Amino acid sequence: MSRVYNFSAGPAVLPEEVLKEVADEMMDYNGTGMSVMEMSHRSAAFQEIIDTAEKDLRELMNIPDNYKVLFLQGGASQQFAMIPMNLMKNRVADYIVTGQWAKKAYQEAQKYGKANKIASSEDKTFSYIPDCSDLPISPDADYVYICENNTIYGTKFKKLPNTKGKTLVADVSSCFLSEPVDVSKYGIIYGGVQKNIGPAGMVIAIVREDLITEDVLPGTPTMLTYKTHADAGSLYNTPNAYCIYVCGKVFKWLKKMGGLEVMKQRNEEKAKILYDYLDSSKLFKGTVVPEDRSLMNVPFVTGDKEMDAKFVKEATEAGLVNLKGHRTVGGMRASIYNAMPKAGVEALVAFMKKFEEENA
Ligand SMILES: Cc1ncc(COP(=O)(O)O)c(C=O)c1O
């Protein structure tokens with residue numbers, strides 16, 4: 001078996017311990033004589049899997065009782081529509097546009113009502129987070145929307161925006177469970193799990209109960225109504241059962257590691273290794289203003305497209321894979337999610353140093 005260091009932005013690296021466990025249980029999950037893949041979502045064995053996953057996630061994130069945890073399909077992108085369909089009672093919402101994913105959510109919301117772009121960092125290729133301490137929040141806004149960690153550009157909100165009392169909705173796809181959060185500050189906190197938690201194909205939406213109502217926009221499909229899934233414990237229809245199972249294993253792994261405070265320390269330590277090198281390098285340069293740097297996604301460039309391509313190629317040959325930047329921005333990006341070991345970041349920096357010497 002030969003494993004690489006996988007710096008993919010998602011689907012992404014998972015803890016080896018978890019992969020081994022699910023491999024061990026592939027043919028016979030816990031004495032059932034079948035794989036979780038083959039199991040009815042209405043079985044007692046699966047009910048225990050989903051209940052335990054929810055319980056562990058609640059514990060990890062300290063989720064208050066007045067929030068529902070929903071395991072949904074359709075990717076994070078489906079939430080771009082589901083959020084306005086369920087929340088836009090006044091048909092007004094404010095969006096802070098800090099990257100492609102926030103922009104897509106903003107554009108989708110325009111289909112359902114008046115979506116206002118109240119701040120943006122597009123003027124500088126989304127390389128920073130705008131000051132959100134005193135934004136022109138619309139008096140009748142149903143919610144204020146952010147993408148908390150910008151996967152493509154590598155920026156992160158270090159401080160939540162001042163929403164002036166309006167409900168905050170956040171896409172945390174690429175920083176999910178990377179550090180502690182105060183769930184009570186959000187109306188909805190959601191993310192696709194394929195970056196920091198599990199396999200692709202599922203979104204976890206943590207939704208404050210008062211936002212879960214039948215009063216949704218006319219024409220909202222049953223499947224896109226939060227209440228449908230909340231009332232059915234995420235089992236209205238067949239969920240992505242295998243994904244829920246793997247995510248549950250990751251929650252157990254995170255608890256064993258010491259929880260989100262420990263993950264935060266580990267992630268800070270890992271990111272520092274890479275950022276410190278980028279700040280000292282004469283060849284490579286980080287693209288984000290230091291104060292808004294993400295701990296999860298680290299974009300960098302040499303300033304020369306051919307050199308970038310040479311780096312990506314040689315890194316791949318050295319077992320450091322998926323370092324190519326997003327197709328819309330180029331350069332490089334190292335995604336160093338929870339499951340990326342410190343040794344992986346050290347190996348990357350050692351390789352970068354060697355490459356810099358060879359290409360000085
Ligand atoms: C922050 C963020 N939001 C949304 C998405 C879209 O997710 P999905 O492919 O699950 O729709 C992604 C990435 O793929 C992302 O990084």
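Student: Which residue is the bridge partner of Phe300 in strand 14?

Tutor: For Phe300, that partner is Met332. Before we go on: this is a predicted model, where local features need pLDDT of at least 70, side-chain atom pairs need 80 or more, and totals for chains, interfaces and linings use all residues. Numbering starts from 1 along each chain as its sequence is written, and side-chain values use heavy atoms, with hydrogens and water left out.

Student: What makes strand 12 and strand 14 a pair?

Tutor: Strands are DSSP runs of E with at least two residues, helices are runs of H or I with at least four, and both are numbered from the N terminus. Two strands pair if DSSP finds at least two bridges between them. Strand 12 (residues 297-301) and strand 14 share four bridges, in the antiparallel sense, so they pass the cut-off.

Student: How do you know that strand 3 and strand 5 pair as well?

Tutor: Strand 3 (residues 92-97) and strand 5 (residues 144-147) are joined by two bridges and run parallel. The rule asks for at least two, so that is enough. One bridge to look at links Tyr95 to Tyr145 in strand 5.

Student: And what holds paired strands together in general?

Tutor: Backbone hydrogen bonds do, whether the strands are parallel or antiparallel.

Student: What is the strand order in the open sheet of seven?

Tutor: The order is 2-10-9-8-5-3-4, with mixed pairing.

Student: Why are strand 2 and strand 4 said to stand at the edges?

Tutor: Strand 2 (67-72) and strand 4 (114-120) each have a single partner strand, so one side of each has no neighbour in the sheet. Helix 2 (residues 44-61) packs on this sheet, touching strand 2, strand 9 (188-192) and strand 10. Its direction makes about 130° with that of strand 2 (axes are lines fitted to C-alpha atoms, for helices over the stretch in contact, and angles run from 0 to 180 degrees between N-to-C directions).

Student: Why is Ile204 called buried?

Tutor: Buried means under 20% relative accessible area, exposed means over 50%, and partly exposed is in between (1.4 Å probe, protein chains only). Ile204 comes in at 0%, so it counts as buried. Ile204 belongs to strand 10 (residues 203-208). Its contacts (heavy atoms within 4.5 Å) include Leu57, Phe71 and Phe251.

Student: What makes the Tyr95 and Tyr143 pair edge-to-face?

Tutor: Rings of Phe, Tyr and Trp (its six-membered ring) pair if their centres lie within 6.5 Å; planes under 30 degrees apart are stacked, over 60 edge-to-face, and the rest tilted. Here the centres are 5.8 Å apart and the planes stand at 70°, so edge-to-face it is. Both tyrosines are buried.

Student: Then why is the Phe284 and Phe355 pair called tilted?

Tutor: Phe284 and Phe355 have 6.1 Å between ring centres, and 40° between the planes. That angle falls between the stacked and edge-to-face cut-offs, so the label is tilted. Phe284 is buried at 2%, and Phe355 at 1%. Both belong to one aromatic cluster with Tyr277, Phe300, Phe311 and Phe351.

Student: How do you know that Lys124 sits over the ring of Tyr128?

Tutor: The test wants NZ of Lys or CZ of Arg within 6 Å of the ring centre and within 35 degrees of the ring normal. The charged end of Lys124 is 5.7 Å from the centre of the Tyr128 ring, and it is listed as sitting over that ring.

Notes:
Lists of a residue's contacts leave out its neighbours within four places in sequence.
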